[in-house]
Amino acid sequence: MASNLEIAKKGYELFQQGDIATLVNDMMTDDCTWITPGPRDKLPWAGRYKGKQEIAGFFAKIAENIDFSEFAPREMIEQGDTVVVLGSSAGRMKKTGKTSKNEWAHVLKYSQGKLVYFQEYYDTAAEVAAMS
C-alpha cells in the first residue's frame with residue numbers, strides 16, 4: 001500500500017489536473033470531513049462539508065469563483081496518519097476580477113489509504129478583499 005505521503009501527492013496532482021471526480025470518488029472515504037475557513041457570506045466555498053457529495057459541491061464552488069494562476073504544494077510532512085502540506089496559491093476572483101495570493105497549510109488525515117479529514121488554514125481576509 002502507498003504511504004499517506006504518496007497518497008497526498010496523488011491527490012494534489014489530481015486537483016491540479018482538474019480531475020475532481022477521481023479525487024473525490026477514489027481518494028476519500030464516504031464520510032470524509034472537509035473544513036475551509038472564512039465567512040460564508042463573503043467566501044461561498046467556506047464551511048464544513050461532510051461526505052463526497054458535499055465535498056464535490058465545495059470544489060464546484062471553487063471552480064465557479066476562482067481562476068487559479070498558481071496552486072503549489074511545496075512541502076509535505078508526514079507523521080503517522082497525518083500529512084501537513086505547506087504551499088501557496090494565486091488566482092483571479094471571477095466575480096470581481098481582483099487577484100489574490102496566499103500561503104496556506106493543509107492538514108490531512110488518512111485511514112486505510114483514504115482521506116478521512118481535511119482542514120485548511122490561510123489568510124481569509126485577503127480572499128474576502130479580493131471577493132469584495
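Let me start with Asp 67 and Lys 94, which in this predicted model form a salt bridge whose closest N and O atoms are 3.7 Å apart. Asp 67 belongs to strand 3, while Lys 94 sits in the loop between strand 4 (82–93) and strand 5 (99–111), so this pair ties together parts of the chain that are 27 residues apart in sequence. Both partners are partly exposed, Asp 67 because its relative accessibility is 33% and Lys 94 because its value is 37%.

Strand 3 takes part in another such pair, since the side chains of Glu 70 and Lys 101 meet in a salt bridge at 2.9 Å, N to O. Here again distant parts of the chain are linked, with Glu 70 in strand 3 and Lys 101 in strand 5, 31 residues apart. As for how open these two are, Glu 70 counts as partly exposed at 25% relative accessibility, whereas Lys 101, at 53%, counts as exposed. I should add that salt bridges with shared partners join Asp 67, Arg 92 and Lys 94 into one network.

How many salt bridges does a search of the whole structure find? The search gives 5, and one that I would like to show you is formed by the side chains of Lys 52 and Asp 30, at 3.2 Å from N to O. This pair also links distant parts of the chain, because Lys 52 lies in helix 3 and Asp 30 in strand 1 (residues 28–36), 22 residues apart. Is Lys 52 buried or exposed? Its relative accessible area is 18%, and the limit for buried is under 20%, so Lys 52 counts as buried, while Asp 30, at 61% relative accessibility, counts as exposed.

That brings us to helix 3 itself, which runs through residues 51–65 and has 15 residues, reaching 22 Å from its first C-alpha to its last, close to the 21 Å expected at 1.5 Å a residue. Its buried residues are Gly 51, Lys 52, Ile 55, Phe 58, Phe 59, Ile 62 and Asn 65, and they lie on the same side of helix 3 because they cover an arc of only 160° around the axis. The general background is that an α-helix has 3.6 residues a turn, so residues three or four places apart point the same way. On the face turned away from the buried side, helix 3 carries the exposed residues Gln 53 and Glu 64.

Let me turn now to the interior. The largest nonpolar core has 33 residues, and those with the most contacts inside it are Met 28, Trp 34, Trp 45, Ile 55, Phe 59 and Leu 115. Helix 1 (residues 4–17) provides the largest share of this core, with 5 residues. If we leave aside neighbours within four places in sequence, Trp 45 is in contact with residues including Phe 58, Ile 62 and Asn 65, and also with Met 93, Tyr 122 and Met 131.

Finally, I come back to strand 3 (residues 66–79), where we find Glu 78, a residue that counts as partly exposed because its relative accessibility is 32%. Apart from neighbours within four places in sequence, Glu 78 is in contact with Ser 3, Asn 4, Leu 5 and Val 83. With Asn 4, the backbone nitrogen lies 3.4 Å from a polar atom of the Glu 78 side chain. Leu 14, by comparison, is 64 residues from Glu 78 in sequence and 19 Å from it in space, C-alpha to C-alpha.

Notes: Residues numbered from 1 in each chain as written. Predicted model: local features only at pLDDT ≥ 70, side-chain atom pairs only at ≥ 80, totals over all residues. Heavy atoms only, no water. Helix = DSSP H or I, 4+ residues; strand = E, 2+ residues; numbered from the N terminus. Buried < 20%, exposed > 50% of the residue type's maximum accessible area, 1.4 Å probe, protein only. Contact = heavy atoms within 4.5 Å. Polar contact = N/O pair within 3.5 Å; in protein donor to acceptor, adjacent residues only side chain to side chain. Expected span 1.5 Å × (residues − 1). Arc of directions from axis to C-beta. Salt bridge = Lys/Arg side-chain N within 4 Å of Asp/Glu carboxyl O. Core = buried A, V, L, I, M, F, W, Y, C linked by side-chain atoms within 4.5 Å.
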